[in-house]
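This report goes through a model from its sheets to its helices and cysteines. Please keep the sequence and the structure at hand while reading.

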Amino acid sequence: MNKDIIIEIDNDSGFCFGVTTAIKKAEEQLAKETTLYCLGDIVHNGIECNRLAKMGLTSIDHDSFSKLSNTKVLLRAHGEPPTTYSTARLNNIELIDATCPVVLKLQQKILNQYKQLNHDTQQIVIYGQKGHAEVLGLEGQTKGTAIVIEGPEDLNKIDFNKSIFLYSQTTKSVDDYNEIIRLIEQQKNPDVEFKYYNTICGQVSHRKENLRAFSIKHDLILFVCGSKSSNGKVLFNECLQANRNSHLVEGPEDINPEWLNNINSIGICGATSTPKWLMEKCKERINLILKIE
């Protein structure tokens with residue numbers, strides 16, 4: 001095992017603006033109060049969620065939320081449907097709204113489209129992960145009438161004789177979204193309107209190019225990411241395509257010492273939901289393995 005391995009943490013990896021803001025708001029509130037509720041996991045990273053839980057952040061689901069009253073609840077960056085705000089007003093719940101500005105803008109676009117929609121001749125389609133928090137918030141703008149497609153296999157849900165207004169979840173792959181657009185163009189009735197909108201977050205789309213370049217530079221890539229992260233799956237796949245010797249780890253304990261054999265350089269990177277401090281812990285773990293060996 002080479003003890004002179006170069007270990008580099010990708011400067012462009014780590015929390016996106018929306019997640020950083022949500023966590024900052026949680027920490028500020030917890031500095032004043034011992035307990036704060038959060039509707040869903042504040043970030044799709046179990047280790048970071050555990051850190052905040054020790055500070056007093058309690059994750060709850062929508063059923064539990066509906067039973068609360070006279071308290072404070074943090075809304076994470078993913079966004080929420082209008083029904084969540086209605087429940088808060090009815091139950092005197094003070095919302096600390098940390099919805100990402102990019103997601104808020106997309107919600108408003110879909111809501112405006114829905115208000116003008118002729119349901120007999122038009123339809124709203126959302127390309128995204130079914131059940132994902134962000135997608136549920138987007139669907140909510142249409143009172144659940146939007147058609148959600150996860151990939152080409154779901155295109156049969158679309159009525160190709162109706163006009164189509166297509167939006168994407170903000171963390172999806174640009175290449176995959178473009179493929180969906182191409183397939184709809186092929187299958188739709190040429191006489192109907194088809195409009196699609198670039199709603200993928202720039203921070204996500206730019207990171208793909210950066211990660212490819214970063215992955216090529218190193219013999220081994222460790223992509224640090226929570227198992228629930230939709231964005232993480234997309235970005236890890238980019239690493240894997242650029243460097244087949246890429247491994248997805250949730251934390252330092254997942255690092256296999258055998259991976260370090262015959263390696264001269266290691267790149268550590270992560271998703272928009274991965275804290276920088278966790279990538280640093282992975283680097284420390286590698287250094288400890290090398291010293292033990």
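The sections below describe a predicted model, taking the sheets before the helices, the cysteines and one loop residue.

## The sheet with β1 at its edge

Strands β1, β12, β10 and β11 form, in that order, an open sheet of 4 strands with parallel pairing. Its edge strands, β1 (6–9) and β11 (246–249), each pair on one side only. From one strand to the next the twist averages 20 degrees.

The pairing of β10 (residues 220–224) with β11 is parallel and runs over 4 bridges. Within this pair, Leu222 has His247 in β11 as its bridge partner. Helix α8 (residues 202–216) packs on the sheet, where it touches β1, β10 and β12 (265–270). The direction of α8 makes about 165 degrees with that of β12.

## The sheet with β7 at its edge

A further open sheet of 4 strands has the order β7-β6-β8-β9, and its pairing is parallel. Here β7 (147–149) and β9 (194–196) are the edge strands, each pairing on one side only. The twist averages 20 degrees from one strand to the next.

Strands β6 and β8 run parallel and are joined by 6 bridges. Ile124 has Phe165 in β8 as its bridge partner. Helix α7 (residues 174–187) lies across β6, β7, β8 and β9, and runs at about 175 degrees to β8.

## Helix α5

Helix α5 (residues 101–116) has 16 residues. From its first C-alpha to its last it reaches 23 Å, close to the 22 Å expected at 1.5 Å a residue.

The buried residues of α5 are Val103, Leu106, Gln107, Ile110, Gln113 and Tyr114. Seen down the helix axis they fall within an arc of 130 degrees, so they line one face of α5. On the other side of the helix, Lys105, Lys115 and Gln116 are exposed. The cover over the buried residues of α5 includes β6 (122–127), α6 (133–140) and β8 (163–168). Strands β6 and β8 are also members of the sheet ordered β7-β6-β8-β9.

## Cysteines

How many disulfides does the model contain? The count comes to 0 disulfides. Cys100 is in no disulfide, and the nearest cysteine sulfur, that of Cys16, is 6.1 Å away. Cys100 is buried because its relative accessible area is 11%, and the cut-off for buried is under 20%.

Why is there no bond between the sulfur of Cys269 and that of Cys239? The sulfur of Cys239 is the closest cysteine sulfur to that of Cys269, but at 3.9 Å it is too far for a bond, because a disulfide needs the two sulfur atoms within 2.5 Å. Cys269 has 0% relative accessibility and therefore counts as buried.

## Leu68 in its loop

Leu68 sits in the loop between α3 (62–67) and β4 (72–75). Is this residue buried or exposed? Leu68 counts as buried because its relative accessibility is 17%.

Leaving aside residues up to four places away in sequence, Leu68 touches Tyr37, Ile60, Val73, Asn91 and Ile93. Ala271 is 203 residues from Leu68 in sequence, and the two are 33 Å apart in space, C-alpha to C-alpha.

Definitions and conventions: Residues are numbered from 1 along each chain as its sequence is written. This is a predicted model: local features need pLDDT of at least 70, side-chain atom pairs count only at pLDDT 80 or more; totals for chains, interfaces and linings use all residues. Side-chain values use heavy atoms; hydrogens and water are left out. Two strands pair if DSSP finds at least two bridges between them. Helices (H or I, at least four residues) and strands (E, at least two) are DSSP runs, numbered from the N terminus. Axes are lines fitted to C-alpha atoms, for helices over the stretch in contact, and angles run from 0 to 180 degrees between N-to-C directions. Contact means heavy atoms within 4.5 Å. The expected span of a helix is 1.5 Å times one less than its number of residues. Buried means under 20% relative accessible area, exposed over 50%, partly exposed in between (1.4 Å probe, protein chains only). The arc is that of the directions from the helix axis to the C-beta atoms.
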